[in-house]
Amino acid sequence: MSASGAEVGASGVFISFEGIDGSGKSTQARRLADRLRAEGRTVRLTREPGGSPGAEEIRALVLEGASDRWSPETEILLFTAARRDHLERVIAPALAAGEVVICDRYADSTRMYQGLARPDLRDLVDTLHRLMIGREPDLTVLIDMDPATGLERALGRGGGEARFEGMGLAWQEKMRAGFLDLSRDAPDRFLVIDGARDPDTVADEVAPRVRDHLP
Ligand code: ADP
Ligand code: TYD
């Protein structure tokens with residue numbers, strides 16, 4: 001694979017799920033994968049940061065430990081390194097084999113979590129993406145919801161990966177607005193789904209809207 005991954009994946013379909021912490025991305029990504037598999041499609045369900053053995057090791061480095069463990073610049077490099085490994089070893093081969101790849105978070109999360117937190121670093125995020133990743137999803141499902149509910153859900157879930165979830169409600173409000181801005185900038189790529197409903201209702205809306213975009 002060349003420096004840019006843009007040429008890969010002509011035959012499969014690449015779908016990402018995005019949204020604030022606790023919005024229900026993982027739940028909905030799993031449900032969509034189950035439905036598409038039940039319809040006979042080959043689905044690769046994966047996540048970021050992580051999704052390949054090397055990238056999962058980087059995940060532990062970026063999500064565990066003190067919030068000032070890495071400088072913002074180093075953190076962008078780590079997320080990009082993890083994504084590059086994931087793209088090379090998992091996403092690109094699955095797409096080349098004609099599979100549906102469903103990824104829980106992808107590059108929009110870096111644009112938001114790293115780029116919105118430090119607007120002066122957004123160019124760096126975009127430049128690294130262009131140089132080292134170069135592949136957008138074909139479709140991005142944005143699970144949109146009120147941050148207070150999302151934060152409650154995310155904190156209720158517990159676990160040791162709290163570096164970003166500890167950042168509070170004002171931060172989540174900013175994230176939500178940022179994700180909605182991204183969706184307006186790329187309306188052909190984004191499906192915006194109201195996540196503040198029970199999981200079955202959300203899944204019942206996601207599946208047909210995604211299916212409209214599948215071959
Ligand atoms: P995310 O991946 O966006 O952080 P998850 O899918 O992990 O979100 O969901 C976060 C928590 O909220 C989990 O405990 C999950 O069971 C619960 N949850 C997910 N979707 C819903 C929903 N639509 N309504 C209520 N609770 C939900
Ligand atoms: P994730 O496990 O998806 O968290 P959640 O289920 O709570 O949404 O992602 C872990 C954290 O990593 C999340 O707070 C967002 C953050 N993150 C970034 O900061 N940059 C990135 O590029 C990615 C992919 C995730």
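## Asp-85 and its partners

The side chain of Asp-85 reaches the side chain of Ser-52 in a polar contact of 2.6 Å. This comes from a predicted model. A second polar contact, also listed at 2.6 Å, joins the side chain of Asp-85 to that of Arg-89.

Where does Asp-85 lie? Asp-85 is part of helix H3, which spans residues 72-96. Is Asp-85 buried or exposed? Its relative accessible area is 15%. Buried means under 20%, so Asp-85 counts as buried.

Now set aside the neighbours within four places in sequence. Asp-85 is then in contact with Ser-52, Gly-54, Ala-55 and Val-90. Ser-52 therefore appears twice for Asp-85: in this contact list and as a polar partner, given that a polar contact needs N or O atoms within 3.5 Å and a contact needs heavy atoms within 4.5 Å.

## A salt bridge across the chain

How many salt bridges does the structure hold? The count is 22. One of them joins the side chains of Arg-105 and Asp-21, at 3.0 Å from N to O. This pair links distant parts of the chain, 84 residues apart. Arg-105 sits in the loop between strand E3 (100-104) and helix H4 (107-113). Asp-21 sits in the loop between strand E1 (13-18) and helix H1 (25-38). Both Arg-105 and Asp-21 are buried.

## Two salt bridges within helices

Helix H4 holds a salt bridge of its own. The side chains of Arg-111 and Asp-108 meet there at 2.8 Å, N to O. These two residues are three residues apart, about one turn of the helix. Arg-111 and Asp-108 are both buried.

Helix H7 (residues 169-185) offers another case. Here the side chains of Arg-184 and Asp-181 form a salt bridge at 3.1 Å, N to O. Again the partners are three residues apart, about one turn of the helix. What is the relative accessibility of Arg-184? It is 56%. Exposed means over 50%, so Arg-184 counts as exposed. Asp-181 has a relative accessible area of 40%. That value falls between the two cut-offs of 20% and 50%, so Asp-181 is partly exposed.

## A shared network

Some salt bridges share partners. Which residues do they join into one network? The members are Asp-108, Arg-111, Arg-122, Asp-126, Glu-136 and Arg-189. Asp-108 and Arg-111 are the buried pair from helix H4.

Methods: Residues numbered from 1 in each chain as written. Chains lettered and ligands numbered in written order. Predicted model: local features only at pLDDT ≥ 70, side-chain atom pairs only at ≥ 80, totals over all residues. Heavy atoms only, no water. Helix = DSSP H or I, 4+ residues; strand = E, 2+ residues; numbered from the N terminus. Buried < 20%, exposed > 50% of the residue type's maximum accessible area, 1.4 Å probe, protein only. Polar contact = N/O pair within 3.5 Å; in protein donor to acceptor, adjacent residues only side chain to side chain. Salt bridge = Lys/Arg side-chain N within 4 Å of Asp/Glu carboxyl O.
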